[in-house]
Amino acid sequence: MEAWALLLILAALLAMAGVALLRAAWSRAGRSPAMTAAGWAALAAASVAGGLSGGAWGIAVASLFGMGLAGAFLLDAARRAPAGKPVRQPREAGRARERADRRILHRSLVFLTTGLGGLLVSIGLGIASRGLAILGGWEEADANSLALLIVPVAWAILLTIFLMQERSRARFATMGAFALPGLAAYAPILLGWQA
Amino acid sequence: MNLKRIVKPGLAAHTTLGLVTAVLLYIICLSGTVLVLYEEWQRAEQPNAPEMAAPSPDAVQRAIETVLASEADSPPTTHLYVHFPTEGLPRTTITTDSQAVHVDADGAVAMPEENAWSEFLYALHYRLNLPALWGITLVGALGAAMLALIITGIIAHPRIFRDAFRLRARDKGGVGVTDWHNRLGVWTLPFGIAIALTGAVIGLATVAAYGLADRYYEGDVAAVYAPLFGPERAEDPAPAPMPNVAPALRYIKDNYPEHRPTYIIAHDPMTAGQHVQLIAAPPRRLIFGEYFLFDAEGDFEGTAGLSDGPLGQQTSASVYSLHFGDYGGLAVKLAYILFGLALTVITATGMSIWFGKRARRGVHEPRLRAAWDGLVWGTPAMLVLTFVLRALFGNELFLAGFALPFAAIFWIGLLAVVCGAAASAGGVRLKAGLQAATPIGLVAAFVLLLV
């Protein structure tokens, strides 16, 4: 058997061992830091072995084994789960309910209004990161690829921040702060230093 | 640090994001899961097309010449694509600007390609059947929202890893469905992040590239992609003989025996500016392939560097396979279907948790809940209905002389199901009917196609 295949098998086994160790650690009555650490270490080792086997391809394949075993454990847990008792929750007063509905409506409007702004700010961050990468001596392919990756990641993080902030002023301050790099990237053109 | 200070707003953000995006995210997750078998669906749509392991270089050249000769009286095609047999779709297919045909192992044209349903499914997942730029950007935005849902989900559940195997599946009062939502979420986390991130990168690349082009390339979007996938060449419309791809195929076979050719692209064929790109997939890599560049006579000129160029090129070339799961044969595809179903269930149960929580607090919304059920069960039912119609009436549907696209049938049908479910909430057993009809319809469609 070739070396890459052996390494891939090792990576798959380590990924499954990591999941099994974590399950054992988290199923105990008390905490077991050693077992938890061993589980995470096995998952890290699986990534290394997968990477040595076939780079990103090896890591991707090995992770499927870990997730697959976790799925099997979950199905087993579902099979063993005893029938539960109905849980009674207190009814909310009408006014409290209305407040909750208004909060959801408010946040939905925040999502819709800041969503587009967040995208523009994220594109600005992508543009700025590309400029910085080129200034830092990166190759053009690496810089462009980084920019294309930055845009969705930044947008997801901005959406998270906007929706977790309670006040509009804080949201606008956040948006303004994150918009600065994009504006800075356009500064040479705006100031006439560059065509 | 007081965890409550971030947990409560985290949960509120998670709920809001879920409520705003659930409908489209559910359709995207489900259609993406079905689309993992894109090649297999195409094969099922046209079971009598000629199949082969690999056509000979001379057969491919003959096929290209035949197809180009058949278009002598038409406007010249700008690109000619040859799809090579793969494990999932062992067929050779030639596509030009105006036609797509299957060819046999000798290079003779066998029949037109008929895969309208698979193309509909692809367009549904890729751009929700909307015009290209709007659709792909919206789907990319949903990918970013999914990423935000994952982040807020982790923030909102501080014990999510500690409770990763605690599944009270049969508990009532919303505990069971919440546990399923959280456990599936945590254990498909690497998959969910990979799918959301790659989907968002693919979907938002166009608008991001517009921004980069505007700032750094004087508005030339192609120049943004040139360092990643290679530059476009200058056109020269002067007439020229047919391109010869046979030497290119022999070159790959002799020099890269482990690489599997997946596509040949002849750019501006039969013009002086023509050139040939051969895409070949190396083994055990996430990249979709390497671009091998040849001139019109089939002489090797170089590679684009997707397999061994800068990391940025390799990363960009890996995004597609990581998203669509076509890097490890049928086994990886089956894993993607399983995890894709998990993502679909997470989306569906997210809404169920919200409805359940409100119902237990005394807010009953039977019509809204029935409409959601209509969407959850109506989406697979409509996909199956369009597939049954494809099996019954062929590649193109006509009603009173007008073409009926599958996209129109799917969206109008789904809207009718959702409205019908809301209108008959608590009355007609529409949900049970849809649940029963979907698998029956799927089996019936396969039987019809085989017969």
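How far apart do the C-alpha centres of domain 1 of chain A and domain 2 of chain A lie? In this predicted model, they lie 35 Å apart. Let us take a walk through both chains, starting with how they are divided.

**Domains**

In chain A, the domain assignment gives domain 1 as residues 3-80 and domain 2 as residues 106-190. Chain B also has two entries: domain 1 is made of two stretches, 47-114 and 231-303, while domain 2 covers 365-451. For chain B, the C-alpha centres of domain 1 and domain 2 are 38 Å apart.

**Helix 1 of chain A**

Have a look at helix 1 of chain A, which runs over residues 3-27. With 25 residues at 1.5 Å a residue, this helix should span 36 Å, and its end C-alpha atoms are indeed 36 Å apart, so the two values agree. Several residues of helix 1 of chain A are buried, including Leu8(A), Gly18(A), Val19(A), Leu22(A) and Trp26(A). What covers them? The cover of the buried residues includes helix 2 (33-80) of chain A and helix 6 (175-187) of chain B.

**Transmembrane regions on record**

An unreviewed UniProt entry lists residues 48-75, 109-133, 145-165 and 172-193 of chain A under "transmembrane region". Here is how two of these spans look in the model:

| Span of chain A | Helix | Strand | Distance between end C-alpha atoms |
|---|---|---|---|
| Residues 48-75 | 100% | 0% | 28 Å |
| Residues 172-193 | 86% | 0% | 29 Å |

**Helix 2 of chain B**

Now move to chain B, where helix 2 covers residues 38-45. Which of its residues are buried? They are Trp41(B), Gln42(B), Ala44(B) and Glu45(B). These residues lie on the same side of helix 2 of chain B because they cover an arc of only 160° around the axis. Among the elements that cover them are helix 1 (4-35), helix 4 (116-127), helix 12 (366-393) and helix 14 (430-450), which belong to chain B.

**A hairpin in chain B**

Our last stop is a pair of strands. Strand 7 (residues 290-294) and strand 8 (residues 300-303) of chain B run antiparallel and are joined by three bridges. One residue to find here is Phe294(B), whose bridge partner in strand 8 of chain B is Phe300(B). How many residues lie between the strands of this hairpin? There are five, and in this hairpin Gly298(B) takes a positive phi near 90°. As you look at the strands, keep a general idea in mind: side chains in a regular strand alternate between the two faces of the sheet.

Notes:
Residues numbered from 1 in each chain as written. Chains lettered and ligands numbered in written order. Predicted model: local features only at pLDDT ≥ 70, side-chain atom pairs only at ≥ 80, totals over all residues. Heavy atoms only, no water. Buried < 20%, exposed > 50% of the residue type's maximum accessible area, 1.4 Å probe, protein only. Helix = DSSP H or I, 4+ residues; strand = E, 2+ residues; numbered from the N terminus. Arc of directions from axis to C-beta. Contact = heavy atoms within 4.5 Å. UniProt positions renumbered as here; feature names shortened; annotations may be inferred. Pairing = 2+ DSSP bridges. Domains from an automatic or database assignment. Expected span 1.5 Å × (residues − 1).
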